[in-house]
Amino acid sequence: MAALDADGTHTAGSPPTKEVPLHLALYARDPSAQAVVHLHSTHAVAVSCLEPGDPYSCLPPLTAYFAMRAGRTPLIPYAAPGDQALADHVRAVPFPFRAALPANHGLVVTGTDLEQAVWSAIEVEETARLHLLLHGRRARPLDPAQIADLADRHSVHWPAAPVAGH
């Protein structure tokens, strides 16, 4: 694992990956983020290759733990790994998020510490797996009132979808 400072200077651990611009863009979006987990896990990659049913979250809120740990999960437009365009696409998302799926790539998750980011990444992968298992079936995701209740109880980061044109 590589450790970098806020400017992207390598401070400890393994050499950083070519994905440093993507990770720095995630940190810049959320000052509370102290860790980024970036995986190419099978189910998240599979979902990142699908057209999303919701333009604001490519994964539905199937479980309370997904809503609490990951929240709205946008599909980030495709750019080659390590390309600055991927970081630019992350910066352009018009609402806050903790987890995202870069298209045809994998998943990225932020957390207030590494443990939180890891648990959130696990929840994204498991929700991606559930989503694929249910694909083509009539699923019953959490409704807005259930998500609002979770937000009130657990400080869930699940912003309302932006209104078109705003």
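Reader: What share of the 166 residues of the protein counts as buried?
Author: In this predicted model, 39% of the 166 residues count as buried. To earn that word, a residue must have under 20% relative accessible area.

Reader: Why is Val36 called buried, then?
Author: Val36 has 14% relative accessibility. The cut-off is under 20%, so Val36 counts as buried. You'll find Val36 in strand E3.

Reader: Which residues is Val36 in contact with, leaving aside its neighbours within four places in sequence?
Author: They are His23, Leu26, Tyr27, Val109 and Thr110. Contact here means heavy atoms within 4.5 Å.

Reader: And how far apart are Val36 and Leu22, in sequence and in space?
Author: They sit 14 residues apart in sequence, and their C-alpha atoms are 9.8 Å apart.

Reader: What makes a group of residues a nonpolar core?
Author: Its members are buried residues of certain kinds, Ala, Val and Leu among them, joined through side-chain atoms within 4.5 Å. The largest such core here has 16 residues, and Leu59, Leu101, Leu107, Val109 and Val124 have the most contacts inside it.

Reader: Which helices and strands each supply at least two residues of this core?
Author: Strands E3 (35–39), E5 (99–102) and E6 (107–111) do, and so do helices H2 (42–48) and H5 (114–134). H5 gives the most, with 4 residues.

Reader: What does Val109 touch, not counting residues up to four places away in sequence?
Author: Quite a list: Ala35, Val36, Val37, Arg98, Ala99, Ala117, Ser120, Ala121 and Val124.

Reader: Where does Val36 belong among the cores?
Author: Val36 is in another core, of 14 residues, lying apart from the largest one. Leu22, Ala87 and Phe97 are also among its members.

Reader: Which residues of helix H1 (residues 20–29) are buried, and what do they pack against?
Author: The buried ones are Val20, Leu22, His23, Ala25 and Leu26. They pack against strand E1 (2–4), E3, helix H4 (84–92) and E6.

Reader: Let's step back. How many helices and strands are there in the protein?
Author: There are 6 of each, and along the sequence they follow the pattern β-β-α-β-α-α-β-α-β-β-α-α.

Reader: How do you know that the protein is as compact as a globular protein of that length?
Author: Set its radius of gyration, 15 Å, against the 15 Å that the globule rule gives for 166 residues: the values are close, so the protein is as compact as a globular protein of that length. Along its principal axes, the C-alpha trace spans about 45 × 35 × 30 Å.

Key:
Residues numbered from 1 in each chain as written. Predicted model: local features only at pLDDT ≥ 70, side-chain atom pairs only at ≥ 80, totals over all residues. Heavy atoms only, no water. Rg over C-alpha atoms; globule rule 2.2 N^0.38 Å. Buried < 20%, exposed > 50% of the residue type's maximum accessible area, 1.4 Å probe, protein only.
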